[in-house]
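Me: Please take a close look at one turn and the strands beside it. Then go on to the other parts worth a reader's attention.

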Amino acid sequence: MNLPSAYEQEMKELLGTELEAYKKSLDLPVMQGLRVNTAKITCEEFEAVTPFSMEKVPWIPNGYFLKDEERASRHPYYYAGLYYIQEPSAMTPASRLPVEPGDYVLDLCAAPGGKATELGSRLGGEGMLFANDISSSRAKALLKNLEMAGIPNICVTSEDPEVLERNFSGFFDKVLIDAPCSGEGMFHREPRMMEYWKERGPEAYVPIQKKLILQGAGMLRGGGMLLYSTCTFSRKEDEEVIEYLLQNMPDMRLKEILPYEGFAEGAGLEKCVRIFPHRMPGEGHFLALLEKSQKTGEDSSRDRQRPGKRKPQKMPDCVEEFLSLLSCPIDRERLKLDRDRLYLLPVREEMPKLRYLRTGLYLGDVKKNRFEPSQALAMALKPETFVSCIRLEPEDVRAVKYLKGETLDVSDLPVTKEKGWQLICVNDYPLGFGKLAGGVLKNKYYAGWRWQ
Ligand SMILES: C[S@@+](CC[C@H](N)C(=O)[O-])C[C@H]1O[C@@H](n2cnc3c(N)ncnc32)[C@H](O)[C@@H]1O
């Protein structure tokens, strides 16, 4: 691989005698990966049903090397949100931010959601994942990925972090900043990145990164943790950004990252982690984990601005009727009917006015006194939480036909209710809704997600 000479010089300074090993690693095949969505299936369960050739990624509890990425992205299990296709190194940042159920988590540069989907799964439906990306087109892909993963307690925005900081100072328990960067760690996987690098190298990103890290830290509560990551090697974009934060916010300090034998130390800054492709099987990455100290007397639970409490709304009869088909508990104080769209908000309080793509779980629409459940709701359910399900085997051609939007004859399959709404599943994993009458299933799979 022909590297830009200025870049090669930079790497020589960083790697010294290891430069040749690094250059050789660029000729090796690119690693592909799959990360199991543990909110839907355990790793053991997935290993028992997977039709793909996989091998464990040793530093990621739910990560696997994958031989055939193409096949994995065209399987009903993919549409059921059982996994996310992701390069193994890119799994590392979310795996090293200790998110717990109930946390309020901010992913500041989240699109298309490779890390946000993992952070959201680890919340287990409690707390909130606030996922933002400044690019509205990329934020749309982020929303799709979060909804496909079945994560209910989300807010998705496309905002300048400056606006978020004004609204959420000291608010979040955990913050991830997977910063835009010059992408040097991606040259192996995407050699065209080298052309962009020649036009916009590390210097172009440093001011953005420095701004983002201060903004992210500003939105962290005392005692909260922030993880900063890039997919680049430049010290300017990595350790120097962390040093800048430490100089400007003395209440932030570096924390040890859960180790792995292949990780390299930060360049001249302890506790940071670098991933080099000649040291372990993954593309280049940088990670730093930081904690904000708690002021004396500060409430350890949360130093949050609490937006005003909402009044519970009365729901139309068609909504009540549909909700009676669900056997999972629904916090009625979090239900919000916004004109004809029904949401289950992640919190009871009113959220500040922002450019949202989503506030909470979009449950469905009230249309002419009828309720039409959404695709997002189907993805967030489990078969046992809905009144009637149709289970298809992954090999049943009807699974793909359903995903293509076709009407299906399902008269041979057992159902609890012969008529009305059905949750269509591949094995035990929901794909979407359908409406049954006389053994024929009217397809309600969301047209925008159809199998092409
Ligand atoms: C490295 S990518 C994020 C990848 C993502 N975390 C994932 O795992 O799928 C960086 C993202 O930052 C976004 N971005 C760039 N400048 C930003 C800013 N000032 N505020 C928020 N997001 C920004 C870009 O649109 C891009 O989607």
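Reply:
**A hairpin, and then the rest**

β14 and β15 form a hairpin with two residues between them, and R339 in the turn has a positive phi of about 55°. This is a predicted model in which local features need pLDDT of at least 70 and side-chain atom pairs count only at pLDDT 80 or more, while totals for chains, interfaces and linings use all residues. Residues are numbered from 1 along each chain as its sequence is written, and side-chain values use heavy atoms, with hydrogens and water left out.

Strands here are DSSP runs of E of at least two residues, helices are runs of H or I of at least four, and both are numbered from the N terminus. Two strands pair if DSSP finds at least two bridges between them. In the hairpin, β14 (residues 335-338) and β15 (residues 341-344) run antiparallel and are joined by four bridges. K336 has Y343 of β15 as its bridge partner. β15 is also joined by four bridges to β17 (residues 361-367), again antiparallel. There Y343 is partnered by Y362 in β17, so Y343 links the two pairings.

R339 is not alone in its backbone angle. K271, a residue other than glycine, has a positive phi near 75°; K271 lies in the loop between β11 (264-265) and β12 (273-275). Most residues other than glycine have a negative phi, and most peptide bonds are trans. The peptide bond from A111 to P112 is cis, with omega near 5°. P112 belongs to the loop between β5 (104-107) and α7 (116-122).

P112 leads on to the ligand. A polar backbone atom of P112 is 3.3 Å from an oxygen atom of the ligand, where a polar contact is a pair of N or O atoms within 3.5 Å; within protein, one must be able to donate a hydrogen and the other to accept it, and residues adjacent in sequence count only if both atoms are side-chain atoms. K115 brings a polar side-chain atom to 2.9 Å from an oxygen atom of the ligand. I134 has a polar backbone atom 3.5 Å from a nitrogen atom of the ligand. On its own the ligand has 600 Å² of accessible area, of which the protein covers 83% (Shrake-Rupley method, 1.4 Å probe; for residues, only the protein chains shown count as cover). The ligand is surrounded by 17 residues, the closest being G114, K115, D133, R138 and D178; to count, a residue needs a heavy atom within 4 Å.

Two open sheets remain. One has four strands in the order β2-β3-β1-β4, with antiparallel pairing. β2 (54-56) and β4 (83-85) are at its edges with a single partner strand each, so one side of each has no neighbour in the sheet. Inside this sheet, β1 (residues 32-36) pairs with β3 (residues 63-66) in the antiparallel sense over four bridges, and L34 has Y64 of β3 as its bridge partner.

The other has five strands in the order β19-β21-β22-β23-β20, and its pairing is mixed. Its edge strands, β19 (389-392) and β20 (408-409), each pair on one side only. β19 and β21 (residues 420-426) run parallel and are joined by four bridges, with R391 opposite C425 in β21.
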